[in-house]
Amino acid sequence: MSQIVVKFDNQLIQTPITIPLIRSSVEESGADYKDNPTEIQQSSVYGIISPLIAINDIVIDFDNVKEFNLKSSSQLPTVSMVVYDRYGLINLLDNPSLDNEVRVQILPPFENAYKKINLTFYITSIRISQGKLLTITGSYKLPSLSSSKFKSFGQKNTYTFFENIAKETGLGFASNISDSNDMRCIYCDNKSYIEMMNQEINRANADNIIMDWWVDFWNNINLVDIMERYNTIDKNLMVWVSRQNGLVGEGLHITPIQTSAILSNHPSIDNSELYVEKYDVRNRTGLQVTKGTDKIYSVYFEGRADYNDTLIMDGDVKNDIYIKHEYLGEVYGDYNYLLSEKKRDSFLQKINTESIEVTTRTPLLGLMRGHRVNFQWYINDSVFDAKVDGLEKNGVISTPSPKIPMYDDNDLEPLSVGNFILDKSVSGQYLITSSSIRYYNNRWEHVLILNRPSKDKLKLINR
């Protein structure tokens with residue numbers, strides 16, 4: 001059981017982003033310094049105060065980025081943006097056509113902790129209003145990953161197959177496993193490597209392992225035992241943050257600090273990058289009805305003329321059980337390769353049924369998809385206290401109320417609470433299953449979708 005680690009870095013050669021040095025300081029310009037009333041270092045603004053964006057060869061001024069959304073929720077990163085081309089350079093000189101790209105960089109405000117995000121996207125749609133306002137969507141650009149191939153990989157297991165694709169395409173490789181025991185013959189019959197990875201991830205076969213894959217914001221293929229990440233509680237979770245929150249980009253030398261990775265709404269960390277103002281519940285329990293909580297999958301083993309039924313159950317569902325029955329087809333050989341895909345689908349459905357969404361006020365490069373994080377939510381509501389006391393007296397609540405301290409583990413010790421009560425029904429450790437870095441109204445947001453097992457949720461109401 002381990003966190004995701006980078007096995008090797010990417011070797012991609014991406015188009016450089018060149019920005020003329022206009023606003024700077026003596027420290028940055030040296031002998032070429034010219035008077036700058038603001039004394040703001042340009043290199044401390046682009047990519048830090050706002051995303052650094054280049055559309056083909058035109059760099060968007062940092063104050064002309066109106067909206068921006070970089071998202072990792074599916075296999076490949078996606079981007080969308082609204083930018084203002086004040087002088088109409090893109091429309092008049094370099095209007096994106098069939099050959100195009102948009103370059104995106106997001107830099108940490110301090111050094112020696114996290115690598116910058118440095119991505120290239122293909123412009124899939126662009127709308128130019130009045131010659132200056134551009135609305136753009138982009139898909140991850142790497143032709144060697146998206147082009148069709150005709151190739152035999154021979155006998156490979158899932159781990160080695162994904163590792164080989166990363167090396168061939170120049171991508172990095174990250175994983176929380178070191179090998180997999182599912183050797184098979186892998187043949188790419190005029191499919192893209194994206195299609196092949198989606199195909200082979202469904203054929204991965206190992207007891208108590210469910211695998212998932214995606215390309216992260218650092219151009220690494222992530223091959224992850226998602227079941228382990230979902231069910232494991234990590235100890236001593238730490239993250240690097242800035243000391244001078246809100247002063248980034250004003251020519252200051254930022255000194256980071258390493259602190260416990262706890263997202264919270266407690267007033268004592270109001271000035272911290274880890275502060276969150278709200279959380280939203282995002283439940284998709286309708287999937288239980290349409291796809292079933294319990295599934296029976298039937299196959300016919302051709303070689304031994306035998307039928308086999310497999311029952312997959314969601315053990316956390318006690319009352320609202322919906323059963324679905326499906327015949328998968330015929331299996332040739334002893335390995336039920338048709339069932340492995342359904343096991344994975346059922347598990348991904350389970351972990352994505354109940355989620356919470358939290359939003360921080362700056363990109364946290366140490367908290368990304370596949371990482372785990374602690375979440376502490378506090379309540380300061382006298383009416384809530386009275387309601388809880390009434391429910392306790394009437395026997396509706398039999399487990400300890402949120403007034404009781406929650407954790408013994410140092411990672412999850414409540415903050416200095418004062419009059420604030422830790423809400424134990426939602427506080428705990430979560431897996432980050434989606435990460436979205438947004439920029440609008442001249443400010444950042446980092447939106448994280450968090451999931452955890454139902455067994456880790458405190459049930460206060462007797463049902």
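**A tour from Tyr87 to a three-stranded sheet**

Select Y87: this residue is exposed, with a relative accessible area of 57%. Exposed means over 50%, buried under 20%, and partly exposed in between (1.4 Å probe, protein chains only). This is a predicted model, where local features need pLDDT of at least 70, side-chain atom pairs count only at pLDDT 80 or more, and totals for chains, interfaces and linings use all residues. Residues are numbered from 1 along each chain as its sequence is written, and side-chain values use heavy atoms, without hydrogens and water.

Y87 sits in the loop between β5 (78-84) and α2 (89-93). Helices (H or I, at least four residues) and strands (E, at least two) are DSSP runs, numbered from the N terminus.

Add L89, L92 and L93. With Y87 they make a nonpolar surface patch of about 490 Å².

Next, select 294-301, which is strand β18. Which strands flank it? The order is β19-β18-β20, an open sheet with mixed pairing. Strands pair if DSSP finds at least two bridges between them. At the edges lie β19 (306-312) and β20 (323-331), each pairing on one side only. From one strand to the next, the twist averages 20°.

Zoom in on β18 and β19. They pair in the antiparallel sense over seven bridges. Pick Y300: its bridge partner in β19 is Y307. Four residues separate the two strands of this hairpin. In the turn, A305 has a positive phi of about 50°.

Last stop: 337-351, helix α8. This helix lies across β18, β19 and β20, and runs at about 150° to β20. Axes are lines fitted to C-alpha atoms, for helices over the stretch in contact (heavy atoms within 4.5 Å), and angles run from 0 to 180 degrees between N-to-C directions.

Notes: Patches are made of residues with over 30% relative accessible area and no salt bridge: like charges are joined within 9 Å, nonpolar side chains (Val, Leu, Ile, Met, Phe, Trp, Tyr) within 5 Å. Accessible areas come from the Shrake-Rupley method with a 1.4 Å probe; for residues, only the protein chains shown count as cover. A salt bridge is a side-chain nitrogen of Lys or Arg within 4 Å of a carboxyl oxygen of Asp or Glu.
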